[in-house]
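Dear colleague,

I am passing on a structure to you, and below it I have written out what was found, so that you can follow each point with the model open beside you.

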Amino acid sequence: MGLIKLIRNVEVYGPKYLGKKDVLIVGEKIGFIDEHMQVQVPEVEVYDGDGMVAIPGLIDSHVHFTGGGGEGGFSTRTPELKISDCIKNGVTTLVGCLGTDGVTRGLENLYAKSKAMEQAGVTTYIYTGSYRVPPVTFTGSIQRDLVLIDKVIGVGEIAISDHRSSQPTLEEILRIVADARVGGMIAGKCGVVNFHVGGGRNGIGYLFDIIRETEIPHQHLYPTHMSRNKTLFESGLHFAQEGGFIDLTGVQPDEELKKEDFTAIDGIVEAYENGLIDRITISSDGQGSLPHFDKEGNFTGLNVGSVGAVMYTLMKTVERGISPSEVLKVATVNTASVLKLIGKGRIAVGYDADIVLMKDWQVNTVLCRGKFAMKDGEITDLNVDW
Ligand code: ZN
């Protein structure tokens, strides 16, 4: 297939609404966006996008792509991500992380999986570390990991306020954040610390302490699961108001919701109403275990997270009456901004051609860095369908 592709007559949300356009793709990049384009080169692959909407490929900042879990013993280890799963759900950029289990799950495996996914066309990054403090690393040092290992853009998920955390002290957390900041500076990466925030009383108390007591700016503190409950979310909104970013965990497509449950959908709506939608991101927790515990902390069962949670949550939020150009920000431009991913998160000239074409707001065709990974509902490369 040719290096030059022309998607004709598609309604573009970049995520800002641009109207009906032709999008010219040159190699891995978006070369031009205009109306009724005439392209005169010997070979151009034309794709008719009439009746479809184009949105930027989604960015999922928290995926256990080598599997997670194990809270109920070895038989509860969750499986690896099937690459076609992220493509079908419109996710073209992912950040992989370990989780509760930093013993049998290793960074080397996470790295290998990120390379495999990259070969299939999706863009991948990883966090060094796991729940526990001091974190597991490749090289024995967070700074060295950030500087020397291309895929590593931050640290995470470090567990706080959770019965599964290593009960880290503020000083321990502070050292990790400081290392992430300096390592990130040297390597020209975001150097974020992705915090798994549990349901514990202290919530993101440590993060407020760090802002109050040190010179470290908000940009390195990136708490996730902030839609766990209303109280935690409200404190997250304060953090966002001060200039921070918070990440919500998307609603799973098969999740049964009770009316009184607070969800990421409510979170996005509330952030929007408070003028803070630009400070919010959402991720899927894909392939992670979603364990249930009783009041005594005993494990009672688990579900496996799907990367489809991001798209599902976005679409459910649009149904609540907020325009797609606003809602889409939380898994495109905002995420690219926190993670400092240059050339990601927009349909704009010079950006990577990560584009999702939707028919009736259902994923139909997906381009990953200029290649069709899914076309008219079919995964193009069956080598990635495992
Ligand atoms: Zn987590």
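Please keep in mind that this is a predicted model.

I would begin with His225, which counts as buried at 6% relative accessibility, the cut-off for that word being under 20%. His225 is one of the residues that coordinate the zinc ion, and it does so through its NE2 atom, while Glu157 takes part through OE and His196 through ND1, at 2.0 to 2.2 Å. If you look for these donor residues in the sequence, you will find them spaced as E-x38-H-x28-H. His196 lies in strand β10 (residues 192-197), whereas His225 lies in the loop between β11 (221-224) and α6 (230-241), so the two histidines tie together parts that are 29 residues apart in sequence. His196 is buried as well, with a relative accessible area of 2%.

The other finding concerns the surface, where Val147, Leu148, Val182, Met185 and Ile186 make a nonpolar patch of about 440 Å². Two elements, α3 (142-148) and α4 (170-187), each give two or more residues to this patch, and the largest share, three residues, comes from α4. Leu148, which lies in helix α3, has a relative accessibility of 52% and therefore counts as exposed, since that word is used for values over 50%.

When you go through the model, you might start with the zinc ion and its donors Glu157, His196 and His225, and then turn to the nonpolar patch, which includes Leu148.

With best wishes

Definitions and conventions
Residues are numbered from 1 along each chain as its sequence is written. This is a predicted model: local features need pLDDT of at least 70, side-chain atom pairs count only at pLDDT 80 or more; totals for chains, interfaces and linings use all residues. Side-chain values use heavy atoms; hydrogens and water are left out. Donors are N, O and S atoms within 2.8 Å of the metal (3.2 Å for Na, K and Ca); water is not among the atoms, so sites may look incomplete. Helices (H or I, at least four residues) and strands (E, at least two) are DSSP runs, numbered from the N terminus. Buried means under 20% relative accessible area, exposed over 50%, partly exposed in between (1.4 Å probe, protein chains only). Patches are made of residues with over 30% relative accessible area and no salt bridge: like charges are joined within 9 Å, nonpolar side chains (Val, Leu, Ile, Met, Phe, Trp, Tyr) within 5 Å. Accessible areas come from the Shrake-Rupley method with a 1.4 Å probe; for residues, only the protein chains shown count as cover. A salt bridge is a side-chain nitrogen of Lys or Arg within 4 Å of a carboxyl oxygen of Asp or Glu.
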